[in-house]
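Biologist: Before I rely on any of the labels attached to this model, I would like to hear how each one is justified.

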Amino acid sequence: MIISSKDNATVKFVKKLADKKFRDESRKFVVEGMRGVCDIMSYAPGLIDSVIVREDKIGMYANELVVTDRVFKTLCETETSQGVLAVVNIPQAKRISCDYVLYLDGIRDPGNLGTLIRTACAAGYNDIILRGCADPYSGKTVRSTMSAIVKVNITTAETDVEDLKKSGYTVIGADMGGEDLFGKTFSVEKANKICIVVGSEANGMSDEIRQSCDIIVGIPMEGDIESLNAGVSGAIMMYNLKYNK
């Protein structure tokens with residue numbers, strides 16, 4: 001059966017997932033595109049709630065729900081849809097256990113947040129703590145993560161920086177006025193567990209978090225450049241502090 005009505009119960013449910021409050025209540029979010037859907041199906045099939053396809057993609061997935069092109073367009077945020085989306089259950093947050101943790105303090109841009117989550121997954125920072133950040137399960141953030149959204153443990157700032165320090169983490173804050181990340185005087189060779197803090201695009205780390213950091217480091221820049229994009233800064237920090245110890 002091909003659904004042609006926008007008033008179908010499932011169609012209405014998926015459309016409501018564009019709202020953060022409803023995502024939080026239902027504990028579900030939407031993934032658009034064949035690559036993202038297939039990647040999550042392969043990595044964590046139990047998280048898939050349902051798959052919805054446009055009528056020209058019929059037969060691609062088991063137990064798929066097929067809708068007309070007109071209906072499918074109402075479910076997508078992207079203008080050039082691939083005709084496939086999935087409703088995915090939000091993973092339950094776990095206890096912080098990774099030796100490398102990324103703490104994001106006030107990252108408000110969904111694209112930056114998605115890039116940082118994707119990079120953290122690639123660099124092995126599998127625990128990510130969010131404090132006052134954009135919604136990680138919004139459409140733009142999810143697309144920016146390229147399915148890394150379900151491959152890392154995302155939790156909120158109920159885990160305090162001081163608690164991390166008590167658990168043996170060296171907390172390193174990113175700030176352009178900090179010690180040179182590549183300087184000879186900076187070293188974390190003896191740090192067995194590291195937590196990197198990246199602050200907001202506009203204001204950097206909050207004063208509260210800054211005061212809790214063990215070390216503040218910056219990335220040297222040449223030319224008339226005031227700062228780097230938060231996603232770029234975070235990537236440089238993560239890889240350098242893990243692989244150049």
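Modeller: This is a predicted model, and a good place to begin is L104, which touches L113, L116, I128, I129, L130, R131, C133 and V198, once residues up to four places away in sequence are set aside.

Biologist: What makes these residues count as touching L104?

Modeller: Contact requires heavy atoms within 4.5 Å, and V198, for one, is on the list of residues that L104 touches. L104 is also, together with L102, a residue with the most contacts inside the largest nonpolar core, which has 53 residues. To this core α5 gives the most, with five residues. Apart from it lies another core, of 14 residues, including V14, I52, L75 and L85.

Biologist: Why is S212 called buried?

Modeller: The relative accessibility of S212 is 11%, and buried means under 20%, so S212 counts as buried. S212 belongs to helix α8, residues 207-212, and, leaving aside neighbours within four places in sequence, is in contact with V161, E162 and K165.

Biologist: How do you know that the reach of helix α9 is close to the expected one?

Modeller: Helix α9, residues 230-243, has 14 residues, and its reach from first C-alpha to last is 20 Å, set against the 20 Å expected at 1.5 Å a residue. At the start of α9, a side-chain oxygen of N229 comes to within 2.6 Å of the backbone nitrogen of G231.

Biologist: Which elements do the buried residues of α9 pack against?

Modeller: They pack against β6, α5, β9, β10 and β11; among the buried residues of α9 are A230, G231, M237, M238 and L241.

Note on methods: Residues numbered from 1 in each chain as written. Predicted model: local features only at pLDDT ≥ 70, side-chain atom pairs only at ≥ 80, totals over all residues. Heavy atoms only, no water. Helix = DSSP H or I, 4+ residues; strand = E, 2+ residues; numbered from the N terminus. Expected span 1.5 Å × (residues − 1). Buried < 20%, exposed > 50% of the residue type's maximum accessible area, 1.4 Å probe, protein only. Polar contact = N/O pair within 3.5 Å; in protein donor to acceptor, adjacent residues only side chain to side chain. Core = buried A, V, L, I, M, F, W, Y, C linked by side-chain atoms within 4.5 Å.
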